[in-house]
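Colleague: I should like to learn how to read a model of this kind, feature by feature. May we begin with the ligand?

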Amino acid sequence: MFVLEKVIRPHLLNFKPYSSARDEYQGKEGIFLDANENPFDDLLEYNRYPDPLQREVKNKISVLKDINPENIFLGNGSDEAIDLLFRAFCEPKSDNIIICPPTYGMYSTSALLNNVEIRRVLLTPEFQLNIEDLQQTIDSKTKIIFICSPNNPTGNLINSEDIRILLKSFDGLVVIDEAYIDFSGEDSWIKKLDKYPNLIILQTFSKAWGMAALRMGMAFASQPIIKLLNAIKPPYNINAYTQLIVSEALDKPQVVSSYRDSIIKNRRFLHDALMELNIVKHIFPTDANFILVAFKECEQIFNYLIQHKCIVRLRNKEPLCEDCIRITIGTFDENQKLIHLLKNY
Ligand SMILES: *Cc1c(COP(=O)(O)O)cnc(C)c1O
């Protein structure tokens with residue numbers, strides 16, 4: 001059975017977070033002489049510290065995704081949320097986490113940085129979870145299993161029934177990274193949060209929302225988990241400009257739908273055009289804004305594309321990704337140029 005108090009690092013059970021000036025007084029009107037800010041704002045209106053809990057943005061996300069604001073954590077990119085999960089739950093040199101390669105690189109980078117043991121359970125050749133191996137790899141020190149769905153770099157969704165089995169049987173946390181969920185036909189796991197106290201969902205404004213430069217990622221989880229993440233985060237982790245622009249974007253979710261529709265249309269075009277090429281060995285099914293493709297002579301093709309200033313990601317050193325290149329879906333013109341280059345190879 002999952003018991004949060006057993007998963008939290010012991011020294012954080014009674015952690016007293018830093019209390020910032022904006023935590024202690026939350027009103028908007030008044031003479032603010034409490035935070036050692038500069039009272040002059042002639043140059044830019046950025047002389048005041050931002051809201052440490054990003055209430056306005058969270059309220060809008062709450063409406064859009066039909067979830068309580070107390071179940072939302074915002075990070076400086078999902079990468080910050082990933083790092084904070086290690087700091088909240090994983091005792092260095094003692095606890096371990098499980099990742100399922102080939103997958104997103106930040107889980108292992110964050111684990112290395114935090115000196116936490118990484119256990120690897122390869123996906124199956126169909127890029128699905130190897131449930132039996134996972135069950136055998138879990139021990140009493142396993143704190144987090146990271147699942148990426150749709151998975152980067154393979155592009156496919158992970159079977160929800162397999163994830164359900166893990167959520168039910170594992171006493172630690174299951175993180176489902178949904179960075180690419182908007183490009184898929186499937187619902188987010190957000191709807192199931194009430195059912196699984198050990199579920200954490202990651203999403204981001206970097207992909208479908210088109211705001212990678214602003215750095216804002218989301219984590220959705222039970223209120224005690226969100227409270228803990230808020231307690232250990234840097235007080236002002238999301239800057240005021242990012243909060244403002246993301247808040248404005250949240251008023252126009254139809255823009256995201258149209259981005260998504262274009263990218264899915266372009267994905268179909270790119271897929272069909274790649275199918276015609278005899279240098280292509282295999283195209284893996286994708287629910288994301290990229291396609292994993294196995295090529296004959298993949299390294300030569302990669303170098304040829306780079307020479308022609310077309311930059312794709314070589315993934316052939318990843319397990320199960322022999323001869324593979326990951327191609328992000330571009331605009332219609334960009335995709336046509338790529339296909340043109342490949343035809344002339
Ligand atoms: C791109 C990506 C992210 C996004 O990270 P940010 O820090 O929010 O930009 C998260 N997870 C995966 C799997 C990704 O590919």
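Modeller: In this predicted model, a polar side-chain atom of Y180 lies 2.6 Å from an oxygen atom of the ligand. The side chain of S206 likewise places an N or O atom 2.6 Å from a ligand oxygen. For N152, the corresponding distance from a side-chain N or O atom to an oxygen of the ligand is 2.9 Å.

Colleague: How much of the ligand's area does the protein bury?

Modeller: The ligand taken alone exposes 390 Å², and the protein buries 94% of that area.

Colleague: How many residues surround the ligand, and which are the closest?

Modeller: The ligand is surrounded by 14 residues, and the closest are Y180, T204, S206, K207 and R215. By class, this shell comprises five nonpolar, five polar and four charged residues.

Colleague: R215 has now been named. What is notable about its backbone?

Modeller: The phi angle of R215 is positive, about 65 degrees, although R215 is not a glycine. The residue lies in the loop between β6 and β7, the latter spanning 217-220. Its relative accessibility is 29%, and R215 therefore counts as partly exposed.

Colleague: Where else does a residue other than glycine have a positive phi?

Modeller: D66 is such a case, with phi near 55 degrees. D66 is found in the loop between α3 (55-65) and β1 (72-75). Is D66 buried or exposed? The cut-off for exposed is over 50% relative accessible area; D66 has 71% and is therefore exposed.

Colleague: Let us turn to peptide bonds. Which ones are cis in the loop that contains P150 and P153?

Modeller: One is the bond from S149 to P150, with omega near -5 degrees. Another joins N152 and P153, with omega of about 15 degrees. P150 is found in the loop between β4 (142-148) and α7 (160-169), and P153 also has its place in the loop between β4 and α7. N152 thus links two topics: its bond to P153 is cis, and its side chain has an N or O atom 2.9 Å from a ligand oxygen.

Colleague: How should I read a polar residue inside a strand? Take Q203 as the example.

Modeller: One may ask where the residue lies, how accessible it is, and what its side chain meets. Q203 lies in strand β6 (residues 199-204). Buried means under 20% relative accessible area; Q203 has 3% and is therefore buried. Its side chain makes a polar contact of 2.9 Å with the side chain of E178. A further polar contact, of 3.3 Å, joins the side chains of Q203 and S188. Beyond four places in sequence, the residues that Q203 touches include K65, S78, I181, I190 and F220.

Colleague: What does I226, in a helix, have around it?

Modeller: I226 lies in helix α8 (residues 223-232). Its relative accessibility is 2%, so I226 counts as buried. Leaving aside neighbours within four places in sequence, I226 is in contact with E70, N71, I72, F73, A219, F220 and A221. For a sense of separation, I226 and M275 are 49 residues apart in sequence and 45 Å apart in space, C-alpha to C-alpha.

Colleague: And what follows α8?

Modeller: P235 lies in the loop between α8 and α9 (240-250). At 27% relative accessibility, P235 is counted as partly exposed. Its contacts, apart from neighbours within four places in sequence, are Y18, S20 and P52. P235 and H11 are 224 residues apart in sequence, and their C-alpha atoms are 19 Å apart in space.

Colleague: Finally, how many disulfides are there in the whole structure?

Modeller: A disulfide is a covalent bond between the sulfur atoms of two cysteines. A search of the whole structure finds zero disulfides. C298 is in no disulfide, and the nearest cysteine sulfur, that of C324, is 7.4 Å away. C324 is in no disulfide either; the nearest cysteine sulfur to it belongs to C321, at 5.1 Å.

Colleague: Are these two cysteines, C298 and C324, buried or exposed?

Modeller: C298 has 3% relative accessibility and so counts as buried. C324, at 1% relative accessibility, also counts as buried.

Definitions and conventions. Residues numbered from 1 in each chain as written. Predicted model: local features only at pLDDT ≥ 70, side-chain atom pairs only at ≥ 80, totals over all residues. Heavy atoms only, no water. Near = heavy atom within 4 Å. Polar contact = N/O pair within 3.5 Å; in protein donor to acceptor, adjacent residues only side chain to side chain. Areas by Shrake-Rupley, 256 points an atom, 1.4 Å probe, with all protein chains shown as cover. Nonpolar A, V, L, I, M, F, W, Y, C, P; charged D, E, K, R; others polar. Disulfide = S-S within 2.5 Å. Buried < 20%, exposed > 50% of the residue type's maximum accessible area, 1.4 Å probe, protein only. Helix = DSSP H or I, 4+ residues; strand = E, 2+ residues; numbered from the N terminus. Contact = heavy atoms within 4.5 Å.
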